[in-house]
Amino acid sequence: MSKAFETKIYVFDTSVLQDESLFKKFYRIVPSFRQKKVDFYKDYKDKCLSLGVGLVLIKALKSAGYDIKNLEWAYYENGRPYFKGNEEIQFALSHSHERR
């Protein structure tokens, strides 16, 4: 019997991350690979968008019963990210202005 999958859409208003104290608080809880991605950006708004993606991914994984600390991040040859050994986790991350 195959496992049933469902699609969920998460929306996060990253404007709250303009508050530097909240930004720092949430920055500390995302994994180091996401921190590096956030640090890559020069513009603060881009940093907020990148951090927001990390927070949305953590929330989605938790709601599906996964802990991001126990997942190994990897990339397919085409550059699409996945979790090694957990390829059943399918996700796509995108943004529109302040919303991730």
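## What "oblique" means here

When two helices pack, the angle between them gets a label: under 35 degrees is roughly parallel, over 145 roughly antiparallel, 65 to 115 roughly perpendicular, and the rest is oblique. Keep that in mind as we look at this predicted model.

## The overall layout

Let's start with the parts list. The protein has 3 helices and 2 strands, and starting from the N terminus the order is α-α-α-β-β. Of its 100 residues, 33% are buried.

What about contacts between residues with a separation of 6 or more? In this protein, 54% of them link residues 24 or more positions apart.

## How α1 meets α3

Take α1 (20-29) and α3 (44-63) as the opening pair. Their axes come within 10 Å and cross at roughly 45 degrees. An angle of 45 degrees falls in none of the three named ranges, so α1 and α3 are oblique to each other. Their crossing is left-handed.

Which residues of α1 and α3 make the contact? From α1 come E20, F23, F26, Y27 and I29, while α3 supplies Y44, K47, C48, L51, L55 and I58. Sorted by class, the contact of α1 with α3 has 9 nonpolar residues, 2 charged ones and no polar ones.

## How α1 meets α2

Now swap α3 for α2 (residues 32-40). The axes of α1 and α2 come within 8 Å, and they cross at roughly 140 degrees. Antiparallel needs an angle over 145, so α1 and α2 count as oblique.

On the α1 side, the contact is made by F23, Y27 and R28; on the α2 side, by Q35, V38 and D39. The contact of α1 with α2 is made up of 3 nonpolar, 1 polar and 2 charged residues.

## How α2 meets α3

The last helix pair is α2 and α3, which pack at about 165 degrees with their axes 8 Å apart. That angle makes α2 roughly antiparallel to α3, and the crossing of this pair is right-handed.

Here α2 brings R34, K37, V38 and D39 to the contact, and α3 brings K47, S50, L51, V53 and G54. By class, the contact of α2 with α3 divides into 3 nonpolar, 2 polar and 4 charged residues.

## The two sides of α2

Which residues of α2 are buried? They are R34, Q35 and V38. Looking down the axis of α2, these buried residues fall within an arc of 105 degrees, so they line one face of the helix. A bit of helix geometry is handy here: an α-helix has 3.6 residues a turn, so residues three or four places apart point the same way.

What do the buried residues of α2 pack against? Their partners are α1 and α3. Over on the other side of α2, K36 and F40 are exposed.

## A look at V16

Finally, step back to the segment before α1, where V16 sits. Is V16 buried, exposed or partly exposed? Its relative accessibility is 39%, and because the range between 20% and 50% is called partly exposed, that is how V16 counts.

V16 and C48 are 32 residues apart along the chain, yet their C-alpha atoms are separated by 8.9 Å. You've already met C48: it is one of the α3 residues in the contact with α1.

Key. Residues are numbered from 1 along each chain as its sequence is written. This is a predicted model: local features need pLDDT of at least 70, side-chain atom pairs count only at pLDDT 80 or more; totals for chains, interfaces and linings use all residues. Side-chain values use heavy atoms; hydrogens and water are left out. Buried means under 20% relative accessible area, exposed over 50%, partly exposed in between (1.4 Å probe, protein chains only). Helices (H or I, at least four residues) and strands (E, at least two) are DSSP runs, numbered from the N terminus. The arc is that of the directions from the helix axis to the C-beta atoms. Contact means heavy atoms within 4.5 Å. Axes are lines fitted to C-alpha atoms, for helices over the stretch in contact, and angles run from 0 to 180 degrees between N-to-C directions. A crossing is left-handed if the near helix is turned anticlockwise from the far one by less than a right angle, and right-handed if clockwise. Ala, Val, Leu, Ile, Met, Phe, Trp, Tyr, Cys and Pro count as nonpolar, Asp, Glu, Lys and Arg as charged, and the others, Gly among them, as polar.
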